[in-house]
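Reader: I am new to this kind of model and would like to learn how to read it feature by feature. Could you take me through it slowly?

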Amino acid sequence: MGSSEDLAMEKKRVVVIGGGVAGSLAARTLQNYADVYLIDAKDYFEITWASLRSMVEPSFATRSLISHAEYLPNAHIIMTAAVDLTDNEVMTAEGRIVAYDYLVIATGHMDDGPCTKTEKLSYYQAEHEKIKSSNSILIVGGGPTGVELAGEIAVDFPDKKVTLVHRGSRLLEFIGKKAGKKALDWLVSKNVEVILGQSVNLNDTSDGVYQTSAGETIKADCHFLCVGKQISSTWITKTILGESVDVHGKLMVDANLRVKGRKNVFGIGDITDIAELKQGYLAQQHALIAAKNVKLLILGGNENKLATYKPASSALAIVSLGRREGVAQISCITTIGRLPGKIKSGDLFVGRTRKQLGLSSDVK
Ligand SMILES: Cc1cc2nc3c(=O)[nH]c(=O)nc-3n(C[C@H](O)[C@H](O)[C@H](O)COP(=O)(O)OP(=O)(O)OC[C@H]3O[C@@H](n4cnc5c(N)ncnc54)[C@H](O)[C@@H]3O)c2cc1C
């Protein structure tokens, strides 16, 4: 027989939509306090920032891809996309209706890749074979994904000819100019050819010959498209929360991380309109605050006691450059080399992220 507090909590149902960085941690934190349902388009959580290492070392993915069932033994997992919602129910793509008392929306970015962990492991194996069997590789996109992939290939396969084409005038536009310039110099020092201010029409290629928007020709045995994924909020605009999505597709939340105007719906992670750099460690902080607030409300706590989230006032980001180096921006300081590499690039925070989800650092 549980305490009256336990019983009050057991009755409430919390639905978390999106099992990425934010949603996985929110569901994990709440699973013993409520009847938790996680709705995610995939059957696994992927540590995003480890994904490029898995392209050059597919076995790395055995730790960075985590089945939802592994860290959510006490929650219900529904593998499908959420497509609509009402004041107390979520509708899924498969026509299922899931009732909620509290809702946490964490749909960050839509991943159009494999939906199961097994398929994703095979995908990395195939991408690895593609890299190994190519002498020349074209990377399209100079944001964190393109730069990290170029770094991984340049370090692990120094004999490959790597060309990176980026539409913008500098690399890593999400952080400061100095970081972009340092990353550029590092890539060039590793013999990566970087072409800025141009794009590549991937629909117009033949026999490994690619044309850039400026009419340049690039020969490559294969290519990787590394452009940022879209925010997954279009589905919300068609629901009762449509007016809570701003013109940039961001879900508007208040200081307690509740969707504006809603008492029992929270928004966390990259999908929110919080004015700060979109980073996973911040999405994790959102998750912990939202979970704390859901617990308080379940217990009938005073609304004045809801925890508030203070947006990060300065930029903190590390982009890995192969296995040992990285480029970091910490507030207005930018640094490159072994020090940021020591923080991120070795294990890519995989052990730490696994532990946050209550798992061992390594796969047993
Ligand atoms: C290359 C790269 C390196 C990075 N490095 C770092 C780093 O070192 N440190 C750091 O802090 N951050 C880093 N980031 C940023 C970090 O990955 C993001 O900030 C983080 O993933 C955001 O988490 P999220 O939970 O909001 O969204 P996501 O992680 O994008 O998760 C969204 C989830 O929602 C699901 N979903 C989407 N739509 C629906 C729907 N309609 N129904 C059901 N499920 C849905 C998706 O399948 C996915 O599981 C990096 C990003 C990239 C691309």
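**Reading the features**

Author: Let us begin with one residue: Asp207 is exposed, because 5 other C-beta atoms lie within 10 Å. The classes are defined by counting C-beta atoms, placed from the backbone, within 10 Å of a residue's own: buried means 20 or more others, exposed means 12 or fewer, and partly exposed is in between. Asp207 lies in the loop between strand E12 (193-196) and strand E13 (209-211), and it has a positive phi of about 50° although it is not a glycine.

Reader: Before we go on, what kind of model is this, and how are residues and elements numbered?

Author: This is a predicted model, in which local features need pLDDT of at least 70 and side-chain atom pairs count only at pLDDT 80 or more, while totals for chains, interfaces and linings use all residues. Residues are numbered from 1 along each chain as its sequence is written. Helices (H or I, at least four residues) and strands (E, at least two) are DSSP runs, numbered from the N terminus.

Reader: Which other residue has a positive phi although it is not a glycine, and is that residue buried or exposed?

Author: Leu172 also has a positive phi of about 50°, and its place is in the loop between strand E11 (161-166) and helix H8 (177-189). Leu172 counts as buried, because it has 25 C-beta neighbours inside 10 Å.

Reader: How many helices and strands does the protein have, and how should I judge its overall form?

Author: The protein has 12 helices and 19 strands. Its radius of gyration, taken over C-alpha atoms, is 21 Å, close to the 21 Å that the globule rule gives for 364 residues, so the protein is as compact as a globular protein of that length; that rule is 2.2 Å times the number of residues to the power 0.38. Along the principal axes, the C-alpha atoms fill a box of roughly 65 × 40 × 40 Å, and 45% of the 364 residues count as buried. Among contacts (C-beta atoms, placed from the backbone, within 7 Å) with a separation of 6 or more, 61% come from residues 24 or more positions apart.

Reader: How is a pair of packed helices described?

Author: Two packed helices are described by the angle between their axes and the distance between the axes. Here helix H2 (residues 21-30) and helix H10 (residues 280-298) pack at an angle of about 30°, with their axes 8 Å apart; axes are lines fitted to C-alpha atoms, for helices over the stretch in contact, and angles run from 0 to 180 degrees between N-to-C directions. H2 passes H10 in a right-handed crossing, a term for the near helix being turned clockwise from the far one by less than a right angle, with anticlockwise being left-handed. On the H2 side the contact includes Val21, Leu25 and Thr29, and on the H10 side it includes Ala283, His286 and Val294.

Reader: How do the residues of that contact divide by character?

Author: They divide into 11 nonpolar, 4 polar and no charged, where Ala, Val, Leu, Ile, Met, Phe, Trp, Tyr, Cys and Pro count as nonpolar, Asp, Glu, Lys and Arg as charged, and the others, Gly among them, as polar.

Reader: Which residues come nearest to the ligand?

Author: Of the 36 residues around the ligand (C-beta atom, placed from the backbone, within 6 Å of it), Gly18, Gly20, Gly108, Gly269 and Gly280 come nearest. The elements giving two or more residues to this shell are H2, strand E2 (35-40), helix H7 (144-156) and H10. The shell divides into 16 nonpolar, 13 polar and 7 charged residues.

Reader: Where is Gly242, and which residues does it touch?

Author: Gly242 is found in the loop between helix H9 (234-237) and strand E16 (265-267), and it is exposed, with 10 other C-beta atoms within 10 Å. Not counting residues up to four places away in sequence, Gly242 touches Ile236 and Thr237. Gly242 and Lys190 are 52 residues apart in sequence and 47 Å apart in space, C-alpha to C-alpha. Asp254 has its place in the loop between H9 and E16 too, and with 15 other C-beta atoms within 10 Å it is partly exposed.

Methods. Contact = placed C-beta atoms within 7 Å.
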